[in-house]
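Please take a moment to look through the sequence and the model below, and then follow the paragraphs that come after, which lead from the helices to their contacts and on to the surface.

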Amino acid sequence: MKKFLIKAFGETISWGLIALLAYSAWVGSNSLAGIAAASYWVVIILAIFIAALAYIGVVALSEEKDPEKRKKGLDLLNGTYKRVGFLRKSINWLCLAVIVGLLAYTGWVFTAVSYALIALLFRLVIAIGREKYEELTQPMQV
């Protein structure tokens with residue numbers, strides 16, 4: 001239940017920011033667009049931090065010799081490296097395009113470019129880390 005509530009809260013915040021950005025573009029409110037852009041800068045910084053931490057974590061776990069510690073660490077990283085389905089991937093790519101488009105439309109072009117680059121970098125780092133994660137979990141599944 002805790003995971004569900006955390007995920008629901010995160011999705012609400014994410015869709016709320018998209019709605020705020022869309023509304024600011026609709027009415028032409030620069031102050032609302034500024035609030036949304038500042039929020040996306042927080043997201044950008046968090047994405048950099050989370051991607052680096054997750055990748056460092058999986059690399060550190062590959063060097064861990066104690067199987068019990070390795071299993072605990074892999075359980076912690078399970079949510080980060082979980083594969084998502086086609087529908088969720090499509091929604092994520094669509095949201096990325098909408099966010100970047102709306103940020104650029106409202107005049108926050110540098111933020112839009114930064115958000116797009118960091119989002120792509122985040123996805124790349126997570127994909128690379130997922131390969132290492134799956135290598136580490138393979139022997140545990142046999």
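In what follows, the axis of a helix is a line fitted to C-alpha atoms over the stretch in contact, and the angle between two axes runs from 0 to 180 degrees between their N-to-C directions. Two packed helices are described by this angle and by the distance between the axes.

The model shown here is predicted. Its chain contains five helices and zero strands, and when it is read along the sequence it follows the pattern α-α-α-α-α. Along its principal axes, the C-alpha trace spans about 55 × 30 × 25 Å.

A good place to begin is the pair formed by H1 and H2, whose axes come within 8 Å and cross at roughly 145°, in a crossing that is left-handed. On the side of H1, the residues that meet H2 are Ser 14, Leu 17, Ile 18, Leu 20, Leu 21, Tyr 23 and Ser 24, while H2 brings Leu 32, Ala 33, Ile 35, Ala 36, Ser 39 and Tyr 40 to the contact. Sorted by kind, the residues of this contact of H1 with H2 comprise ten nonpolar, three polar and no charged.

Helix H1, which covers residues 2-27, also packs with helix H4, residues 86-105, at an angle of about 35° and with the axes 10 Å apart; here, too, H1 passes H4 in a left-handed crossing. From H1 the contact takes Glu 11, Trp 15, Ile 18, Leu 21, Ala 22 and Ala 25, and from H4 it takes Arg 88, Ile 91, Cys 95, Val 98, Ile 99, Leu 102, Leu 103 and Tyr 105. Of the residues in this contact of H1 with H4, twelve are nonpolar, none is polar and two are charged.

What do the side chains of Arg 88 and Glu 11 form where they meet? They form a salt bridge, with 3.0 Å from N to O. Because Arg 88 lies in helix H4 and Glu 11 in helix H1, the pair ties together parts that are 77 residues apart in sequence. A search of the whole structure finds four salt bridges.

The last stop is the surface, where Val 42, Leu 46, Phe 49, Ile 50 and Leu 53 form a nonpolar patch, and together these residues have about 480 Å² of accessible area. One of them, Leu 53, lies in helix H2, which runs over residues 30-63.

Key:
Residues are numbered from 1 along each chain as its sequence is written. This is a predicted model: local features need pLDDT of at least 70, side-chain atom pairs count only at pLDDT 80 or more; totals for chains, interfaces and linings use all residues. Side-chain values use heavy atoms; hydrogens and water are left out. Patches are made of residues with over 30% relative accessible area and no salt bridge: like charges are joined within 9 Å, nonpolar side chains (Val, Leu, Ile, Met, Phe, Trp, Tyr) within 5 Å. Accessible areas come from the Shrake-Rupley method with a 1.4 Å probe; for residues, only the protein chains shown count as cover. Helices (H or I, at least four residues) and strands (E, at least two) are DSSP runs, numbered from the N terminus. A crossing is left-handed if the near helix is turned anticlockwise from the far one by less than a right angle, and right-handed if clockwise. Contact means heavy atoms within 4.5 Å. Ala, Val, Leu, Ile, Met, Phe, Trp, Tyr, Cys and Pro count as nonpolar, Asp, Glu, Lys and Arg as charged, and the others, Gly among them, as polar.
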